[in-house]
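Me: I have a model open and would like to know what stands behind the labels people put on it. Could you go through them with me?

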Amino acid sequence: MTDQVLNILKFVLLGLLYLFFARVLWAVWSEVRTPVRRQQIIHPQGTPGQAVPPASATTPMARPADDPRSSKRAKKKAAKGSGAGNGASRLVVLEPAARRGLTIAITGEITLGRDPACTIVVDDDAYVSQIHLRVFDYDGQPMVEDLGSTNGTYHNGVKLNGAKLLHPGDRLQIGTTVIEAQ
């Protein structure tokens, strides 16, 4: 090979190396920068996109202040800390970025899947079944259940078999979608 060909190959290699580093920097930058959070709350019985008050406002009304049982309950709650021991009241989508911040109040039954009739429709993920999972109320506690999906549902990183209680901070992964219970 001549010196000219070798010099051209060096420049091509150098150019490819710069492109590689630029791509790495772009990936790091996109992961590090703080995304703009969009907060949208959907009521499961409402139409998609219909905003409603936060889940705490959709719960049944508290007992009147003159009821002695309400003050005892408030003292117990204050002693435990805010929300400690209570079940999750809403689901917040963390991933993918296109749906990040989407919030669904846990009331009634919530379904997730590719079917347009689902409460949370994930139509752009091939790993999500038509009706993949459901979140439902069982004796006042939210439960999550995989509905026989092909690729499974992961509850805190463990494949979900049957139904499990959903606690605040629990994470569900369905394909590329990650949802946190709050």
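Reply: Happy to; here are some labels, each set against its cut-off. This is a predicted model, in which local features need pLDDT of at least 70 and side-chain atom pairs count only at pLDDT 80 or more, while totals for chains, interfaces and linings use all residues. Residues are numbered from 1 along each chain as its sequence is written, and side-chain values use heavy atoms, without hydrogens and water.

Me: How do you know where confidence is highest and where it is lowest?

Reply: By pLDDT, the predictor's confidence in each residue, from 0 to 100. Helix 1 (residues 3-32) has the highest mean, at 92, and helix 2 (residues 55-58) the lowest, at 37. Helices here are DSSP runs of H or I with at least four residues, and strands are runs of E with at least two, numbered from the N terminus. Over residues 37-85 the pLDDT is below 50. For the chain, the mean is 75.

Me: Why is Thr-177 called buried?

Reply: Buried means under 20% relative accessible area, exposed over 50%, and partly exposed in between (1.4 Å probe, protein chains only). Thr-177 has 2% relative accessibility, so it counts as buried. Thr-177 lies in strand 12 (residues 177-181).

Me: And what makes Val-32 exposed?

Reply: Val-32, in helix 1, counts as exposed because its relative accessibility is 59%.

Me: What makes Glu-95 and Arg-100 a salt bridge?

Reply: The term asks for a side-chain nitrogen of Lys or Arg within 4 Å of a carboxyl oxygen of Asp or Glu. In this pair the N to O distance is 2.9 Å, so the definition is met. Arg-100 is buried, at 18%, whereas Glu-95 is partly exposed, at 34%.

Me: Why is it said that Arg-99 and Asp-124 tie parts of the chain together?

Reply: Their closest N and O atoms are 2.9 Å apart, in a salt bridge. Arg-99 sits in the loop between strand 2 and strand 3, and Asp-124 in the loop between strand 5 (120-121) and strand 6, so the pair links parts 25 residues apart in sequence. Arg-99 is buried at 16%, while Asp-124 is exposed at 55%.

Me: What makes a set of residues a nonpolar core?

Reply: Its members are buried Ala, Val, Leu, Ile, Met, Phe, Trp, Tyr and Cys residues joined through side-chain atoms within 4.5 Å. The largest one here has 20 residues, and Leu-91, Leu-112, Val-135, Leu-166 and Ile-179 have the most contacts inside it.

How values were computed:
Contact = heavy atoms within 4.5 Å.
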